[in-house]
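Work through these short exercises with the sequence and the model side by side. Try each task before reading its solution.

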Amino acid sequence: MKKLVLSIVFVFATVGFTNATNELEKSKPITVSCVYPDCWAAANTAERLHCGSVRCDFDYWDAVYSSCMGYE
Amino acid sequence: MKIKLIIIASLITSAIFAQTTTICNYKILPISEKYKINDTDDELTKSTIKMILNAFEIAKGFDYILKFNQAESSSQIEESIVNESVKSNYLYAIAKALIGKGIYYQNRKEKLVLHQNELMGELFLIKDTLVNDWQIGKDYKKIGEFMCLKATKKCNSCNKIEEVWFAPEIPVPFGPLGYGGLPGLIVEVKNYSSILSLKEITYTKKEVKITRPIKGKKITKDELDEMTGKIRDNADKMNH
C-alpha cells in the first residue's frame, strides 16, 4: 500500500515537473539564435540585404551580430 | 525662377530662426521593394528579410529628434518615450540601426560633427568635419511645407552616393544623423533601405539645452573605418 501511494506521488510529481518545464520553454522569447545558429552569416546576410554588399554598413552589421550573440 | 524664390524666402525667414530653438521630428519609411521574398531565396535570406521587416515595424514607431539653435545641433532617437516591452525586444537594437544609432552633435563655428555611438559593446566618440562638400543639383520638390533642393555626395568609406533634400527657407547647416554643411536644414535623408523624413517642426523661445557628448573613446572617422575593417577581417577569418 505504501509503495502504491509513493508510486502515485512520483507519477504526479514527474508530470508536474514536465508540464512546468514545457511552460517555461513556451514562455522563452523567440531569439535570433533560435532562427540563426550562425550569427556571422545572419549579420552578413542582413547587411547585404540592407545596403547591397557586405562591409557597407558596420553599424548595422554590428547591431545584427550583437543582438544575435547576446541572445545565444 | 523657383530657385530664386527659394533664396528670397530663405532671407525673409532667416530672422525668425535667429533667436529660437527648433525641434524637428523625423520618421522612417522603408523602401519596401528592397525586401521582397523570392521563392528562389534560401532559408537564411527568407528569415533575414522577415526579421528586417519586423525591425522596420518597430523603427516606424520611433521619433528621431533633431534640436538646433543658430550655433549647434544634436539628434538622436527619442528613447525615453519608447515602451519598455519594445526595448526588451531582441529586434530593438536592429531597429535603431536601421535609422541610426547614437547621438550626433554638430557645431557650426567649430565645423565639428561628433557621433557618440556604442560599437561591439564599447562607447566611442567619433569626430568628423561639418563641411559643405555636396553637389547641389537643379532638382526640387515640396516636402511638407518646405520647398527643398536635392544635394548629393560620394561617400568613399561606404561606397555609395548619399542623397539628401534641404530647405533653404531654414538657413542652418544642420540635419539628422550628422548630415549637414548645406545652406539649409536637411529635411530628408535617403538611406540604403529607408527614407528619414521630417514630419513635424516646432519652434520655441525657451532655452532648450543642446548637450555636447563627451564620453567615449575619442577616434576620427578614418580611424574608425580602419578599426571596423580589422574587426570584419577577424570575424571573417574566424568563420571561414
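**Exercise 1.** Which residue in β11(B) stands opposite B:N25?

Solution. This model is predicted: local features need pLDDT of at least 70, side-chain atom pairs count only at pLDDT 80 or more, and totals for chains, interfaces and linings use all residues. Residues are numbered from 1 along each chain as its sequence is written, while chains are lettered from A and ligands numbered from 1 in the order written.

Start with β1 (residues 21-30) and β11 (residues 194-204) of chain B: they run antiparallel, joined by 10 bridges. Strands here are DSSP runs of E, at least two residues, and helices are runs of H or I, at least four, numbered from the N terminus. Two strands pair if DSSP finds at least two bridges between them. Now find the partner: B:E200 stands opposite B:N25.

**Exercise 2.** How many bridges join β1(B) to β2 of chain B?

Solution. Five bridges join them, and the strands run antiparallel. Strand β2 spans residues 64-68. In it, B:F68 stands opposite B:T22.

**Exercise 3.** How many residues does each chain give to the contact?

Solution. Chain A gives 24 and chain B gives 23. Contact means C-beta atoms, placed from the backbone, within 7 Å. On the side of chain A, α2 (32-35), α3 (39-51) and α4 (58-70) each supply at least two residues.

**Exercise 4.** Which residues does B:A55 contact, leaving aside neighbours within four places in sequence?

Solution. They are B:L91, B:I94, B:A95 and B:L98.

Definitions and conventions: Two residues are in contact if their C-beta atoms, placed from the backbone, lie within 7 Å.
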